[in-house]
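Me: I'm new to this one. Can you walk me through it, beginning with the ligand?

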Amino acid sequence: MTATIIDGKAFAATVRGQVAEHVARLKQEHDITPGLAVVLVGEDPASRVYVRSKGKMTVEVGMNSWEHKLDADTPEADLLALIDRLNNDPAVHGILVQLPLPKHLDEDLVINAIDPAKDVDGFHISNVGLLGTGQKSMVPCTPLGCLMMLRDHHGSLSGMDAVVIGRSNIVGKPMAQLLLGDSCTVTIAHSRTKALADVVRRADIVVAAVGRPEMVPGDWIKPGATVIDVGINRIDAPEKGEGKTRLVGDVAYDSCAAVAGAITPVPGGVGPMTIACLLANTLTACCRANG
Ligand code: GUN
């Protein structure tokens, strides 16, 4: 079997187009422009790239975008004061503090200082609790993007066996909650899982979010299963020339694509959907704030 490639790039462009249409209508009919504030502390190169990309796409869909760049040694009190200011600014509908934060900052404290209604990452403890109990919440962007691709491909996910590899608060745990909400039978696997290959082989849906390059080989995949690869890992690519690198996911793409029914590529799969969902969450926050 050769897998269908789930084109996250194209799907994300469609979602961004829908967001842009809605933003234009809000502006025209209600004179409201959704706004997203992104806070970056320090100089982490990958984070800078992500933040720039988020800002660019926010503007492209017609929203207001603010970037707050703070020094790596910014005191916690200063960061909390900025968040307080953004919480109280009616033009700001979404607030995202880029993670990871420098070590001297308490990530939980900072995230939980964001107004839950503006927490477009869905990381605030209130949103985590609401999602876990099946109530209306802000849903973390990466798992939301994965769910949208799965629903688009399968229609109903009801009764399917899903294995999520990875138990992070950002991806693994909320992904499992969302799949459970769609009536999948969900297993969360991780680095201590015994007989991981056998666990993964049972799955109709595999979501790999471990951050280990090409960790899942094709012979772990049940024929016809759907594979969602959340990993973005940069590895050496000597075949492309000295010092060259390439991006790979958490699954060995070629061997998995030979067995799976459908698979997301890296790049061009989950990544673009994450930003599209961030924009969709900002629009949702704006609509909720304005009744
Ligand atoms: N760092 C890596 N992924 C994310 C994300 O989804 N949100 C935030 N705020 N930081 C991240």
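**Around the ligand**

Reply: Sure. This is a predicted model. The residues around the ligand are Leu96, Val97, Gln98, Leu99, Asp121, Cys141, Thr142 and Ile170.

Me: Which elements give two or more residues to that shell?

Reply: Strand E4 (94-97) and helix H6 (141-154) do.

Me: And how many of the shell residues are nonpolar, polar or charged?

Reply: The shell around the ligand has 5 nonpolar residues, 2 polar and 1 charged.

Me: Where does the ligand lie relative to the domains?

Reply: Between domain 1 (30-117) and domain 2 (141-271). Both give residues to the shell, so the ligand lies between them.

Me: Switching to the sheet. What order do the strands take?

Reply: E3-E2-E4. These 3 strands form an open sheet, with parallel pairing.

Me: Which ones are the edge strands?

Reply: Strand E3 (64-70) and E4. Each pairs on one side only.

Me: How are neighbouring strands turned against each other?

Reply: By 15° on average, ignoring direction.

Me: Over how many bridges do E2 and E3 pair?

Reply: Over 7 bridges, in the parallel sense. Strand E2 covers residues 35-41. As for residues, Val39 stands opposite His68 in E3.

Me: Now the helices. Which strands does helix H2 lie across?

Reply: E2 and E3. Helix H2 covers residues 45-60 and runs at about 170° to E2.

Me: What about helix H3, which strands does it touch?

Reply: Helix H3 (residues 76-87) packs on the sheet and touches E2, E3 and E4. The direction of H3 makes about 180° with that of E2.

Technical notes
Residues are numbered from 1 along each chain as its sequence is written. This is a predicted model: local features need pLDDT of at least 70, side-chain atom pairs count only at pLDDT 80 or more; totals for chains, interfaces and linings use all residues. A residue is near a molecule or strand if its C-beta atom, placed from the backbone, lies within 6 Å of it. Helices (H or I, at least four residues) and strands (E, at least two) are DSSP runs, numbered from the N terminus. Ala, Val, Leu, Ile, Met, Phe, Trp, Tyr, Cys and Pro count as nonpolar, Asp, Glu, Lys and Arg as charged, and the others, Gly among them, as polar. Domain bounds come from an automatic or database domain assignment. Two strands pair if DSSP finds at least two bridges between them. Axes are lines fitted to C-alpha atoms, for helices over the stretch in contact, and angles run from 0 to 180 degrees between N-to-C directions. Two residues are in contact if their C-beta atoms, placed from the backbone, lie within 7 Å.
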